[in-house]
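Student: Please pick one part of this structure and go through it closely. I would like to see how that part is connected to what lies around it.

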Amino acid sequence: MPFTDKPQVFNAAINALTFGEAGRELTLGGSNVYPLYAFDAPLANAPRVGVEVSDQGYEKAIPGLAAFYAGAETIPEQAARAAAMPGAEFVCLKLDSADPNGDNASVEDCVATVKAVYEAIDKPLVVMGCKNVEKDTELLVKVAEALQGKNVLLMSAREEDYKTLGASAVLAYGQKLCGESAVDINLAKQLNVLMSQLGVPAASTVMNLGSAAAGYGFEYVASTMDRVKSAALTQNDAMLQMPVVTPVGSEAWSVKEALLEEAEEPEWGSREERGIQMEIITAAACLASGSDAVILRHPESVKTVSEMISALL
Amino acid sequence: MALKGLDIFKLTPKKNCKECGSPTCMAFSMKVAQGAVSIDKCPYMSQDAIDKLSEQTAPPMKTIKVGEFSLGGETVMFRHDKTFVSRCLYAVAVCDGMEDAEARLAKVPQVDYERIGERMHVEMVTVDHCSDQPEDKYLALVEKAKALGRPLILGVEDAGLAAKAVAAAKELPLVLNGANEENYEAMNKVATDAGIVLGVSAASLDALYDTVAKLEGLGNKNLILDVGSASIKDAFAGAVKIRRAALKNNDRTFGYPTYVNVAELAPGNSHMQGALASLFTTRYGSIIAMDEMDYAKALPLYGLRQNLFTDPQKPMRVTPGIYPLNGADENAICATTVDFALTYFVVSGELERSGVPVNLLISDAGGYSVLTSWAAGKFSANTIANFLKENDIEGKIKNRTLLIPGKVAVLKGELEANLPGWEIVVAPKEAVQLVKFLKDLAASRA
C-alpha cells in the first residue's frame with residue numbers, strides 16, 4: 001500500500017526582495033511553501049546566511065575569530081575577509097560604536113566606515129544601527145543618503161522612527177528597509193500596515209520579528225514566526241508576506257552560555273565551542289520556523305548553517 | 001473524518017443517568033466528539049459501540065511509552081494551535097563497529113543538570129549493530145550500555161541477535177529498532193514477546209507505510225518510525241510528511257513518533273549534528289540520537305526544547321527564591337522582579353553582564369510579566385514585602401538597597417512604608433538599560 005502525501009503548496013508566496021547593486025545582488029524569500037519544505041515544491045530562493053561585522057572589530061578573545069581575521073586590522077579589511085567566508089552571502093555591518101551609552105561615535109565617522117566597507121566588499125550589504133532609536137534614525141538616514149543607488153538593506157525601522165526612515169531611506173534614496181517589532185505578530189503587522197500607509201512599498205521591506213537565543217524565550221520567536229508564515233501563506237496576508245531577517249549572532253553570543261569563560265565554569269568546556277553551538281542551534285531553529293535570512297558571527301557557524309541549508313534543498 | 005456529537009449520541013442509552021459525570025447524554029456526546037472525555041466513561045455503552053467509537057475517536061497520533069517517558073500523542077502541527085504534549089528525547093548513539101564505543105558510553109552521564117525545574121540529561125542510549133561485527137561484541141556492548149541504567153534503543157536487524165540482546169537487557173525499558181520490509185514478521189515476534197516498542201525503517205516512505213500497515217495487521221501498534229539515514233533532505237521530508245499525514249490528513253498508519261539518528265546524517269560532524277538536532281527538535285523528531293552530548297550542544301538544545309514544549313497557555317515560571325548573581329554575598333544589593341521565566345532570564349542575563357554582584361529576589365507573581373502581574377495584584381508593595389518577611393531576607397542579607405523594575409516605579413512610596421530601613425531604588429524600565437544603570441550605581445557607591 002503506497003503512502004499518499006499531500007504537499008502543501010500555496011497560492012500565496014513570501015515576497016521576493018532583492019538587495020545589493022547589480023552584479024552583487026541577492027534575493028530573499030519568494031517561496032510558496034512552509035519554511036524549508038523543499039520536498040513540497042522547490043524553494044524560489046534558499047534561506048540566506050550573512051556575516052555580522054561590528055565597526056568595533058571582532059571579539060579578540062575568541063581564538064577562532066582571531067585566527068580567521070588575523071592580519072585584517074581595519075574594519076573594511078575585516079568586512080572583506082567576512083565577505084569571503086565560506087557560506088557567506090552578504091555582510092551585515094553593525095554600527096555598535098554609534099551607541100550614545102558607549103563610544104558615541106559621530107554620524108560622520110560611521111558613514112565614512114560604511115562607505116569604506118561598501119567599497120571593500122563584493123557582496124550585498126546590510127547596515128545595522130546600534131539599537132539606540134534616536135541615534136539610529138539620524139545615522140541610518142545619512143547612511144541611506146551616502147549609499148544612494150547601492151540598494152543596501154537598512155536595519156531597522158521601529159514604531160518610533162518608521163516615518164523618518166521610510167520616507168528618507170526608501171522613498172528618497174531607494175534603499176531597502178527592515179521593520180523591527182518585538183516578537184508579536186500583531187505588532188509586526190501593524191508596523192507593516194503603517195509603513196505601507198506612508199507609501200513605502202511592501203516590496204521594499206523585510207521584517208525582523210525579534211530574536212532570542214535558544215532557551216531564552218525562544219518559544220515566542222518560534223511561534224511568532226510560525227503564525228506569520230501561516231498567515232502569509234494560508235491566508236494570503238499581504239501585510240505579513242515580507243521576508244524575515246533574523247540577527248542570531250548578537251543574541252547567541254550575549255547569553256551566559258556563550259559568555260562565561262572556561263575558568264568560571266570548567267565543566268562546560270571551551271567557551272568558543274559553546275558560542276558556536278548556541279549560534280548554530282538557534283539559527284537552525286530560526287530557519288525551521290521561518291527566517292529567510294540569518295545573520296551570524298563565527299565562520300564555523302556560517303559554514304555549518306549554510307551547509308545544512310544546501311543539504312535540505 | 002472526526003465523528004460528530006450527534007453520531008455518538010445515537011449510540012448512547014439516552015437515559016441521562018449522569019453516571020458519566022455529564023448532565024445529559026447529549027452533553028457527554030459533545031465532549032467525546034471534542035476528545036475531552038473517553039467513550040468508556042459511559043457504563044451503558046455496548047461493547048460494539050465502544051469498539052466502533054474508540055477506533056474513530058482515537059487520537060490521530062499514538063502515545064508510545066518507553067519506561068517513564070511518553071512519545072507522540074501530538075494533536076497539532078504548530079504549538080500555537082494548542083500545545084505540543086511530548087517533548088522530544090535525546091539519545092547518544094554508539095555502535096559495535098566503533099573503536100571508542102565504551103569511551104563514548106562513559107561520557108553519557110557528563111551532562112546532567114537542572115533548568116527551571118526540569119532535569120536535563122541524555123534520556124536514552126542507542127546501541128547499533130554493524131553487520132560485519134561479531135554477535136558477541138554487540139552483546140558485550142549492550143551489557144556495557146546497560147550499566148548506564150537508561151532506556152536502550154537496540155539497533156539490530158537480525159531477529160536472532162535481537163532476541164538475545166533484548167533478553168540481555170530485559171530489566172530496562174527498550175526500543176527494538178530494526179524492523180524493515182523483509183524482516184518485519186520475525187522482528188515483530190521478538191518485540192511483542194518482550195512487550196517492547198518496535199522501531200520500523202524502510203528504503204522509502206512508501207515501503208515504510210506499507211510495512212507499518214502490515215505490522216498493524218499483525219496487531220502491533222507499539223511502534224516508532226525511523227526516518228532513516230539516506231540523506232538529510234529525505235530524513236527531514238520523512239519527519240514532516242509522517243507527522244503531517246497523521247495530524248493534518250488523519251492517516252493513522254503514520255500516527256507514530258519518529259526516530260532520527262543525526263549522527264548517521266552527519267558522521268563525525270558535531271556542529272552539523274547540533275544544527276540537525278535543532279532542526280528536528282523544532283520539526284517533528286521524537287527521539288533524536290547523536291554521537292555525543294557535550295555541554296556545548298546540551299545548553300542550547302535543552303533550552304530550545306524546554307522553550308518549544310511549554311504550553312503557550314501556561315507561562316513558564318522560575319521557582320521563587322534568592323538568586324545570587326556575580327558572586328553576590330550578604331552585602332550585595334538586592335533587586336526584585338517577577339517569576340515569569342522570560343523576564344527572569346532577560347533580567348538575570350543583563351544583571352550578569354553588568355558584573356555587579358546582585359541578589360535577585362524572585363517572588364511568586366503568578367508567572368506573568370511585570371505590568372500584567374502588577375495589574376493583577378500579584379506583584380505589589382504588599383507581595384514584595386511579604387516575600388521579604390517570609391523568606392527572612394533581612395536575616396540573610398545585610399544590604400538594605402532594593403531595586404524595583406522601572407515599570408512599577410509607582411510602588412516606591414508604599415514599599416518604603418512597608419519596609420522600614422530599606423532604600424528603594426527605581427531601576428530602568430527596560431532590561432537592556434540595566435548594565436549601564438548598575439555600573440553607574442556601583443561606581444557612585446564605591
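Tutor: Two strands count as paired if DSSP finds at least two bridges between them. Keep in mind that this is a predicted model. For chain B the mean pLDDT is 93, with 99% of the residues at 70 or more.

The part to look at is strand 9 of chain B, residues 197-200. Start with its partner strand 8, residues 174-179 of chain B: four bridges link strand 8 and strand 9 of chain B, in the parallel sense. One place to find this pairing is B:Val175, whose bridge partner in strand 9 of chain B is B:Val197. Between these two strands of chain B the chain passes through helix 7, residues 184-194, in a right-handed β-α-β crossover.

Now turn to strand 10, residues 223-226 of chain B, which runs parallel to strand 9 of chain B and is joined to it by three bridges. Here B:Leu198 has B:Leu223 as its bridge partner. The path from strand 9 to strand 10 of chain B goes through helix 8 of chain B, and this β-α-β crossover is right-handed too.

Next, the two faces of strand 9 of chain B. B:Val197 and B:Gly199 are buried on one side, and B:Leu198 and B:Val200 are buried on the other, so that both faces are covered.

Helix 8 of chain B also leads to the other chain. Helix 8, residues 205-217, is among the helices of chain B that each supply at least two residues to the side touching chain A. Helix 12 of chain B gives the most to that side, with 11 residues. In total, 43 residues of chain B are in contact with 43 residues of chain A.

Definitions and conventions:
Residues numbered from 1 in each chain as written. Chains lettered and ligands numbered in written order. Predicted model: local features only at pLDDT ≥ 70, side-chain atom pairs only at ≥ 80, totals over all residues. Contact = placed C-beta atoms within 7 Å. pLDDT = per-residue confidence, 0-100. Buried ≥ 20, exposed ≤ 12 C-beta atoms within 10 Å, placed from the backbone. Right-handed = clockwise from strand over helix to strand, strands pointing away.
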